[in-house]
Each structure stands twice: as structure tokens, then as C-alpha cells.
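Hi there,

Here is the structure I promised to pass on. Please have a look at it first, and then read my notes underneath.

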Amino acid sequence: MAEMTQDTVTLEQPAVRLRSQRERLWNTFTRNRTAVFGLLLAILIVLMAVFADDWFIAIFQDREPQPLLAPYDPTKQDPRNRLEEPSEVHRMGLDTLGRDVLSRIIYGARVSLMVGILSVALGGVIGTFLGLFAGYTGGKVEGVIMRSVDVLMAFPSLIMGLMVLAVLGPGIPNMIIAIGIMLSPAFVRIVHSSTLGTKENDYVLAARAIGVSQWRMIRIHILPNILGEAIVLASVYTATAIRIEANLSFIGLGVSPPTPAWGTMIRDGTQYLTIAPWISIFPGLAILITVLAFNLLGDGMRDIMDPKSYS
Amino acid sequence: MIRYFIRRVLLAIPILLMVYTLVFVVVRIIPGDPAQAALGDYASQEAVEALRERMGLNDPLPVQYITFLFAMLRGDFGESLISGVSISEQISYVLPYTLQLTAAAVLIGVILGVPLGLFTAMNRNNIIDYIGRIVSLVGLSVPAFYLGILLILVFAVEVDLFPAIGGGDIQEDPLGSLKYLVLPAMTLGLIMTTSVTRLTRSAMLNVLSEDYVRTARSKGLAERVVILKHALRAALLPIVSITGFWVAVLIGDSVLTEVVFSRPGLGKMLVGAINQRDYSALQSIMVIYAAFVVVVNLLTDLTYGFLDPRITR
């Protein structure tokens, strides 16, 4: 630094500071080895879901996708060999209708990830919007939004999801809406309190003084400051959303057959626990590993935002 | 102190009222006529109309709102649209099972979780701590119904120790029903244990670096006294709040546990009501669940005020 002339220092300072900030965040994340493990695991699961079949080739050749990573078609039934135990041919056995359990698990990752990620995105966007709106406008609007959140929080989250699904009926889109609604109060609370904090900054006052429009104020001055926390919350809640999806599918409110979903597969197997436990055990492991991966990832993200919580 | 308690109780009332309103509205926007749903598609127009009249569905909405609210306050939830059985009777039959399950799970969670948390905090960063952290992360990730299935496989199928299905008879044979409680309570209790362990550990680690703990140590107090009297007391607040939070989560998770173990309970009744489209049972159960959570939150707040009187001011 000592050799640098005055000019270069003033020119490069912002760039250097920015890069080191990003580097610092990345370093905090990678220092947490379990978080990196979670990230790698999550990427593997996403790849497994994407490459379960060759849809990306089939779409150009105008034909039905063929299984790629999955050894068999997940809906092909073989009633003669139903409940067959795991073997060289079928690594995780056959289910109640003689379908390959391993293939159904690989395809089932699609439902879990899609519902998990989309519902968090939905709940996150709704919650962030309402929280920002409540915190920024204040007054009566804030009161109404925050009291509504209190009421929603009074329902155990799963009960809330069941209530929404009772209104909308089962199915993937409705499940995404139900879980999204269920998760949004948490986003409202966090974003609300961090908007209140951001609003007090001098640069917000300065921006207001020079007559910045409301929209620009929210977009340029407030949103970037609260986005970090919302993203961290989203990564923490992805694990929760995937677990809730499994719960709702297990109750029977998820995808309709024959589309494979992990929760539904476990449910199908419960009647045969004593003679064919693999039908339930393996999809359960898939849920466990996936939720664990996203939990580890979420923990790592939280550490980035708040190094104090690292213990 | 007393003023704080009264204020907390009064604050819970508008929340309960809004919960009731929300449920009332939601049940009424469910598509389709509840009377038609109850009687099936082939019911005659007269029968549907008679049922609507009997259920009070032909009254104006505000009248329904008030009538149902006062009926609920009297403990009268009407009768099931499907079976015709009194919902109050059904609820008073299943509620003890859910309460028994939740209480047992909380007990397991606190009795196992707090000492484990203390233990791992005192053994920070050695192998015990490391194993404890991995186990608690797995516990956070396992869905309750899956753990229940695994416990059934091990303790009911492989070793025939406990019954896997049913809830016993709580009214006639309360002791005998405990046998049925073991596996479901373990399912929920173990999941809660992992969370309590995690929190106790981090709360203790925070407290142990405080000055007064160093002072206590430097004046030569036994480590046991330092941990239990000086540190744990201060760490208790977050532990109480996480316990309160977990009771609410457990009430939700108990639905799945009751389904897996075919155990009578509020959750099983709820799933039944959803599957059968029994809307009158549905709205009663929803309100009871939410009331449950509001009461638990209230108790948590009161315990808080009791443990740390500064809050009450």
C-alpha cells in the first residue's frame, strides 16, 4: 500500500472494498465445512431431479422422455412381482404395484424440490412485500398487517396448511400456495423489523430530503438492505417447506397418483411395514437427506449474516 | 406483576376472536354447499334444504357468526354433518389423548434435552459435542411420521415391546394406556429433544462467558454450583421460550403421529373431517387448535414474567 500513489488509491478503493466484502462472505461460508457439505449435497439432489429422465433431449425430438438416471420408468407396473425385496435388478425393491422404488425416489425428488423451492419463493415474496409495506408506511396499515400475522401465527403451521388445502383441494399448485401462505408470516415479521431499522438511517432521510419518489426509495434505498435477511430466511425455510410437503403428501393431500412423491410413497408402504419395509424406509431416507442438506445450507447462510450466532 | 399477567390475558382475547373470525370466513368460502356435501350428490332438494335450515345455514351471516360464537363459548360445537354425533362429545373423547401425547412429548424433550445441552456445552468442541451436534441436526431434519414408522419397525415389529397401533382406553384404564403412549411420545419427544439440546447448548455457551460466571468461579465455588445455580438460571429464559414454541410445533406434528399410530386424537379427527368434508367439525377443531396455541403462548409469557420480573414492568 505504501508504494501506491495518491491517485491509484482513490481510484481503486471502491472496487477493492466490494470484492473483499464478497470474498469475506464466501470465506465465512466455506469455513463452515458442514455448510459446504450441505451445499454439495443439495446440488447433487437437484441434479438428480433434473436428469431423472432425458426431457431436455426429448423435447426437441417430440417424444416421451426416457429414464436417464433412473433405471426404470417410475410408473411402469409389474404386478406379478409386487413387493419384491431389494436385489441386483431392483436395488430398492418393488412397491405395492410392482414399481421400482429407486426410480420413484429419483423422480420423486422433482415434486419435493419444486414444492419446496416454489412455496418458499411465493411465501418469501408475499411476506417480504407485506413486511416492507407495513414497516415503511407504518400507522394503521402496519397495525392491520402485523395483527393479521399474529392471528396466522396462532395456528400450528401444519394445521394452517391443512386448512388452506381443505379450501383449495389437493394437488401440487394448491400445496405450493398452502405452504407459501404458511411460511409468509415469518417473512413479514423479519422484513418488518429490519425495514423499521433501515428506515432510521441518515441516507434514507437524505434521500427523502432531495425528494426521491416512494417507489425509488423502497427499490434503491430500503429493499437492498433487507434482501439479505429475506434470502437467508428463504434458505432456512426451504428445508421446512420440503418437510411440510412430505407431511401433507403423507396425509394424502399431495400429488395424485401415479406421479411419485416421497411422502405418498411412504404412505403407500405403511400397510406393508412388516413384509415390505423398504417401500417406506428408502423414500423416508431421501426426505431425511434432502431436508438435512438444506438445513446445513441454511445454517451456513445464517452464519454469513450473523457471525455471532456461530457456535 | 399482577398487572402484567392481566394485560397478557386480555391481549389473548382479541387474537382468539380474530382466529374465530378467520376460521368462520375460511369455512364459508370452501366451494360447494356443506349440506349438499354432507348428504351426497344424490340427495333430494328438500333434504338438503332441511339440513341447511337445521344447521342454521339459511340465517344471515352475521347471525350465524354470533350464534356459533356463543354456542362455542358454552362448549357446544353442534353436531357432525356426517355421523350426526355431537362434536363436543367427540372432542371431549379425543382431547385427553392429544393432551396426554403432547404433555409426554414435552416432558421427554425437556428431561432429555436440557441435561444433554448442559453436557455438550461443558464438553465444547470435543467428540461428545460433535456427535451431539450431528445427532441434533438429523433430529431437526427427520419428519415426525418417518421417525414414528422407524420406531414401529424397531420396537413393535422386530422386538415386540410396545403396541404400534391404538391409544388404549384413557378413561377406564389410564395406566394401561401408557403402554400405547410410549412410541408416539418418543417420536415427538425425541424430535423436541434435539431442538432443546441445541438451544440449551448455545444459551449456556453465551452465559458461561459472562463476567459473573467468572466471578463465581474465581471465588472458588464448586463447578456444579456455578453451572446449576449461576449459569443455568440465566440460560433458562431462552429455554422456556423455545419450549413454548415447541409445544405449538408439537401440536401440529401430533396430527401426523396420531395418523401413523392410528391413535385417537384431535389430529386424527381433523384429517377425518377434511377427508369427509365435514365442515362443522372442521371449524370447531381449527378453533380449538388455535386456542390451544394461544393458551400455550400465554403460559410461556407468564412463565417468562415469573422467571425474569424485569419484563413485567
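Below is what I found, beginning with confidence and moving on to the contact and the helices.

Please keep in mind that this is a predicted model. Its overall scores are ipTM 0.83 and pTM 0.85. Chain A has a mean pLDDT of 84, with 91% of its residues at 70 or more. For chain B the mean pLDDT is 83, and 97% of the residues reach 70 or more.

Within chain A, the element with the highest mean pLDDT is helix α4 (residues 101-137), at 93, while helix α1 (residues 6-31) has the lowest, at 63. Two stretches of chain A call for some care. In residues 1-9 of chain A the pLDDT is below 50, and this stretch makes one contact beyond near neighbours in sequence. Residues 307-311 of chain A also have pLDDT below 50, with six contacts beyond near neighbours in sequence. Where pLDDT is low, the predicted coordinates should not be read in detail.

Next, the contact between the chains. Chain B contributes 38 residues to it and chain A contributes 32. On the chain B side, the elements giving two or more residues include α1 (2-29), α8, α10 and α12 (279-307) of chain B. Which element gives the most on that side? It is α10(B), with eight residues. By class, the chain B side is made up of 34 nonpolar, three polar and one charged residues.

That same helix, α10(B), gave me a second thing to look at, namely its packing within chain B. Helix α8 (residues 174-208) and helix α10 (residues 223-260) of chain B pack at an angle of about 155°, their axes being 9 Å apart. The two helices, α8(B) and α10(B), are therefore roughly antiparallel, and α8(B) passes α10(B) in a right-handed crossing. Among the residues that meet here are Leu188(B), Met192(B) and Leu199(B) from α8(B), and Ile239(B), Ile242(B) and Trp246(B) from α10(B). The contact of α8(B) with α10(B) comprises 17 nonpolar residues, six polar ones and one charged.

Finally, how many residues of helix α9 (residues 211-218) of chain B are buried? The count is zero among its eight residues, and α9(B) is hardly covered. After α9(B) comes Gly220(B), which has a positive phi, near 90°.

I hope this helps you find your way around.

Best wishes

How values were computed. Residues are numbered from 1 along each chain as its sequence is written. Chains are lettered from A and ligands numbered from 1 in the order in which they are written. This is a predicted model: local features need pLDDT of at least 70, side-chain atom pairs count only at pLDDT 80 or more; totals for chains, interfaces and linings use all residues. Axes are lines fitted to C-alpha atoms, for helices over the stretch in contact, and angles run from 0 to 180 degrees between N-to-C directions. Helices (H or I, at least four residues) and strands (E, at least two) are DSSP runs, numbered from the N terminus. Angles under 35 degrees count as roughly parallel, over 145 as roughly antiparallel, 65 to 115 as roughly perpendicular and the rest as oblique. A crossing is left-handed if the near helix is turned anticlockwise from the far one by less than a right angle, and right-handed if clockwise. Two residues are in contact if their C-beta atoms, placed from the backbone, lie within 7 Å. Ala, Val, Leu, Ile, Met, Phe, Trp, Tyr, Cys and Pro count as nonpolar, Asp, Glu, Lys and Arg as charged, and the others, Gly among them, as polar. A residue is buried if 20 or more other C-beta atoms lie within 10 Å of its own, exposed if 12 or fewer, and partly exposed in between; C-beta atoms are placed from the backbone. pLDDT is the predictor's confidence in each residue, from 0 to 100.
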